[in-house]
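Here is a short report on a protein model, meant to be read with the structure open beside you. Please keep the viewer handy as you go.

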Amino acid sequence: MIRWMIVIFLALLLISWFTPLLQKLGFGKLPGDLRFKVFGREWFLPITTTILLSFLASLIGQII
């Protein structure tokens with residue numbers, strides 16, 4: 001279980017780093033992607049984008 005939590009954390013971290021590029025491609029604006037401001041800082045939780053990119057990575061992994 002701890003491995004999955006680490007994988008999910010790393011995926012969210014990577015997606016947040018690549019957010020500007022992904023937004024140009026249309027990701028990050030999907031229903032289920034949460035964006036809110038707390039204490040003057042904008043937070044972004046790309047839940048739907050993470051699921052979609054995980055599904056695409058899984059498909060690519062099965063094809064290869």
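Gly61 sits in helix H3, where helices (H or I, at least four residues) and strands (E, at least two) are DSSP runs, numbered from the N terminus. Gly61 is partly exposed because its relative accessible area is 47%; buried means under 20% relative accessible area, exposed over 50%, and partly exposed in between (1.4 Å probe, protein chains only). Its C-alpha atom lies 18 Å from that of Trp4, and the two residues are 57 apart along the chain.

A word on the numbers: this is a predicted model, in which local features need pLDDT of at least 70 and side-chain atom pairs count only at pLDDT 80 or more, while totals for chains, interfaces and linings use all residues. Residues are numbered from 1 along each chain as its sequence is written, and side-chain values use heavy atoms, with hydrogens and water left out.

**The chain as a whole**

The protein chain has three helices and two strands, arranged along the sequence as α-α-β-β-α. Its C-alpha atoms fill a box of roughly 45 × 30 × 20 Å, taken along the principal axes. Of the 64 residues, 16% are buried. The exposed area is about 5500 Å², with 75% of it supplied by carbon and sulfur atoms; accessible areas come from the Shrake-Rupley method with a 1.4 Å probe, and for residues only the protein chains shown count as cover. Taking contacts (heavy atoms within 4.5 Å) between residues at least 6 apart in sequence, 25% join residues at least 24 apart.

**Two threonines in H3**

Back in the helix that holds Gly61, have a look at Thr49, which belongs to helix H3 (residues 47–63). Is Thr49 buried or exposed? Thr49 counts as buried because its relative accessibility is 1%. Leaving aside residues up to four places away in sequence, Thr49 touches Phe27, Gly28, Leu30 and Asp33.

Thr50 is also placed in helix H3, and Thr50 is buried, with a relative accessible area of 17%. Which residues does Thr50 touch, not counting those up to four places away in sequence? They are Ala11, Leu12 and Ile15.

**The pockets**

Rolling a probe the size of a water molecule over the atoms shows where empty space is left. Here a 1 Å grid is laid over the protein atoms alone, and a pocket is an open set of points where a 1.4 Å probe fits, with protein on both sides within 12 Å along at least five of seven lines; lining residues have an atom within 4 Å of a point. Grid points are joined across faces, edges and corners, and a volume is the space filled by probe spheres set on the points. For the lining classes, Ala, Val, Leu, Ile, Met, Phe, Trp, Tyr, Cys and Pro count as nonpolar, Asp, Glu, Lys and Arg as charged, and the others, Gly among them, as polar.

| Pocket | Volume | Lining by class |
|---|---|---|
| Largest pocket | About 290 Å³ | Seven nonpolar, two polar and two charged residues |
| Second largest pocket | About 180 Å³ | 10 nonpolar, two polar and no charged residues |

Helix H1 (2–17) and strand E2 (41–46) each supply at least two residues of the lining of the largest pocket. E2 gives the most, with six residues. Among the lining residues are Phe9, Leu13, Arg41, Glu42 and Trp43.

For the second largest pocket, H1, E2 and H3 each supply at least two lining residues. Thr50 is one of the residues in that lining, which also includes Val7, Ala11, Leu45, Ile51 and Ser54.

**A charged pair**

Side chains of opposite charge can pair when their charged atoms come close. How many salt bridges does a search of the whole structure find? The search finds one salt bridge, defined as a side-chain nitrogen of Lys or Arg within 4 Å of a carboxyl oxygen of Asp or Glu. The partners are Glu42 and Arg35, whose side chains meet at 2.8 Å, N to O. Glu42 is partly exposed at 43% relative accessibility, and Arg35 is partly exposed at 40%. Glu42 also helps to line the largest pocket.

**Phe39 and Met5**

Phe39 lies in the loop between strand E1 (33–38) and E2. Its phi is near 55°, a positive value in a residue other than glycine. Phe39 counts as exposed because its relative accessibility is 85%. Met5, by contrast, is placed in helix H1 and is partly exposed at 49% relative accessibility. Met5 and Phe39 are 34 residues apart in sequence and 26 Å apart in space, C-alpha to C-alpha.
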